[in-house]
Amino acid sequence: MKAIAYSLFGYNNRSESCFDFDSYLTGLMLNIRMNRLVYPGWEVVVETDRNSYSAYSNIFDYLRDKGIIKLEINPSDYQLCQAMLWRVKPVYHKKTNGDFMYTHVLCRDLDGLSTYREAQAVKMWIDHDKTMHAMTDSTSHDVYLMGGMIGFNPGHFSGRSNTKDFNEFLNLKRMDFSAKGSDQTFLNQVVYPLVGEKGHDSITQHYFKGIGQTWLSDWHTCLCWHDDWRRGHKPGCVLDVAMDLPEYAKETDCIVEHIGSAGWNQQQTMRLIKKHEDKFQDLLMIEKQY
């Protein structure tokens, strides 16, 4: 089984975020839909805090009880960027026999929507069997590991990092996670060297736009983005990976400006959702109530 993990927290601290909590909750509902189109069969894991769960328990319980999401409730006394890193916790989820629950875990932002072109990059990473995956797709993406654009192979990563649970992961280096951006500092200063050392690297990198060439063994880019991002990769592009998905899944490339975009094209997104409304009937009842 594979998982897409999100952190959804801070109901009592709305003023500290550029989007309020309700906007992120909307992002969750939209991403559930997009994931069904481009990541069918992947489990959606939501890491939230006790206060946020209490405020929206009816919605969370509905989504959990219907099997739409797997819900993990964390304590409400946390540092800002420690909560951002909660989406790494599923990397360490185990079955009763001790095996890892997931073969692959994606860490994603709720204010960005999943797309076909993103899923193509993820498939290449899975096929290459590397420890981590990283993407950048905008000039604002200026570090190797963007917190909401990375993936982990739990078995490989646990071995490389010599960690067996999330607490050991955080203790790879003790940091003050109250400072904004400290989660990405941790990822790039502590985690990246574990997989990005030249000659010993184990990371698939898709740096379409943003940070440049790394000269590692599994680095990829193309110019299709610059030509017409709304159409995905051009036929014949080596990154136009064949996907076992319906043709309509490609329509998701039109809903955002780039992979990891904070926000989406509302008109295109709503048109796509309406077109495939039959696939989302289990979400409509709870949304109508709230």
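So, Arg64: with a relative accessibility of 34%, Arg64 comes out as partly exposed. Bear in mind that this is a predicted model. Arg64 makes a salt bridge to Asp65, where the closest N and O atoms sit 3.2 Å apart. Asp65 itself is exposed, at 57% relative accessible area. And there's a third player, because Arg64 and Asp65 are linked with Asp61 in a network of salt bridges.

Okay, how many salt bridges does the structure hold? The count is 15. Another one joins the side chains of Glu247 and Lys250, again with 3.2 Å from N to O. Glu247 is exposed at 58%, while Lys250, at 35%, is partly exposed.

Now on to helix H10, which covers residues 266-275. Which of its residues are buried? Thr269, Leu272 and Ile273 are. Those three span an arc of only 100° around the axis, so they end up on the same side of H10. If you want the general picture: an α-helix has 3.6 residues a turn, so residues three or four places apart point the same way. And what do the buried residues of H10 pack against? That's helix H1, residues 21-38.

Flip to the face turned away from the buried side and you find exposed residues, Gln267, Lys274 and Lys275. Lys274 has a relative accessibility of 56%, and forms a salt bridge with Glu277, 3.5 Å between the closest N and O atoms. Glu277 is partly exposed, at 28%.

Last bit: the N-terminal end of H10 is capped by Asn265, with a side-chain oxygen 3.2 Å from the backbone nitrogen of Gln267.

Terms used
Residues are numbered from 1 along each chain as its sequence is written. This is a predicted model: local features need pLDDT of at least 70, side-chain atom pairs count only at pLDDT 80 or more; totals for chains, interfaces and linings use all residues. Side-chain values use heavy atoms; hydrogens and water are left out. Buried means under 20% relative accessible area, exposed over 50%, partly exposed in between (1.4 Å probe, protein chains only). Helices (H or I, at least four residues) and strands (E, at least two) are DSSP runs, numbered from the N terminus. The arc is that of the directions from the helix axis to the C-beta atoms. Contact means heavy atoms within 4.5 Å. A polar contact is a pair of N or O atoms within 3.5 Å; within protein, one must be able to donate a hydrogen and the other to accept it, and residues adjacent in sequence count only if both atoms are side-chain atoms. A salt bridge is a side-chain nitrogen of Lys or Arg within 4 Å of a carboxyl oxygen of Asp or Glu.
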